[in-house]
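Trainee: I would like to take a close look at a single part of this protein, and I would be glad of a careful, connected explanation.

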Amino acid sequence: MDAAESDHAWMTLALAEADRAPEHGDVPVGCVVVAADGAELARDHNRREELGDPTAHAEIVALRAASKKIGQWRLEGTIVYVTLEPCPMCAGALLAARVARVVYGAADPKAGACGSVIDLFAEPQLNHHATVRAGVLADESRRLLSSFFVERRELKRQGSLPPDADDSE
């Protein structure tokens with residue numbers, strides 16, 4: 001299997017993980033961490049609402065699980081597949097963990113830190129760098145996000161969500 005096929009296969013798993021997040025009111029973002037040898041280390045999805053934790057983005061939760069699995073914080077040589085372009089917090093965590101490669105689906109024009117708003121991965125002063133591949137299964141990722149927010153707006157309109165509930169993409 002070549003890199004493009006492998007990226008597609010892993011992103012499919014990340015999308016399946018993202019699909020679980022709305023079960024507990026979270027934005028559908030999924031992440032899979034893969035070791036250099038191709039073994040899956042961890043996968044998870046956004047859990048901010050579920051855990052009441054502003055740092056419980058899919059990437060952070062999956063990085064924690066991967067680090068626990070291998071017994072160290074350095075995830076050198078790993079590839080992270082995430083359905084939405086990482087935000088600055090997550091990009092910083094990916095860099096700090098020494099991830100080798102980041103593959104994401106949909107761009108995030110409001111908070112993306114892989115080039116949409118800023119590009120932390122291209123910052124020459126940082127002590128670690130990772131390669132980035134954008135747009136893998138981007139349409140599928142965008143559809144999942146869009147349908148989630150359409151549903152949220154409708155629930156808010158019906159009064160099923162509090163007026164201050166986030167309903168914008």
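Trainee: In which loop does Arg98 lie?

Mentor: Keeping in mind that this is a predicted model, you will find Arg98 in the loop that runs between α4 (88–96) and β4 (101–106). Its backbone deserves attention, since Arg98 is not a glycine and yet has a positive phi of about 70°. Most residues other than glycine have a negative phi. With a relative accessible area of 22%, Arg98 is partly exposed, because buried would require a value under 20%.

A useful companion to Arg98 is Leu137, which is likewise not a glycine and has a positive phi of about 55°. Leu137 also lies in a loop, between β5 (131–133) and α5 (138–157), but its relative accessible area is 13%, so Leu137 counts as buried.

From that loop we can go on into helix α5, where Asp139 and Arg142 both lie, 3 residues apart, which is about one turn of the helix. These two residues form a salt bridge, in which the closest N and O atoms are 2.5 Å apart. Arg142 is partly exposed, with a relative accessible area of 40%, and Asp139 is partly exposed as well, at 44%. Elsewhere, salt bridges that share partners join Asp7, Arg101 and Arg133 into one network.

For a contrast in surroundings, consider Asp44 and Arg47, which are both buried and form a salt bridge whose closest N and O atoms are 2.6 Å apart. A search of the whole structure finds 7 salt bridges.

Definitions and conventions. Residues are numbered from 1 along each chain as its sequence is written. This is a predicted model: local features need pLDDT of at least 70, side-chain atom pairs count only at pLDDT 80 or more; totals for chains, interfaces and linings use all residues. Side-chain values use heavy atoms; hydrogens and water are left out. Helices (H or I, at least four residues) and strands (E, at least two) are DSSP runs, numbered from the N terminus. Buried means under 20% relative accessible area, exposed over 50%, partly exposed in between (1.4 Å probe, protein chains only). A salt bridge is a side-chain nitrogen of Lys or Arg within 4 Å of a carboxyl oxygen of Asp or Glu.
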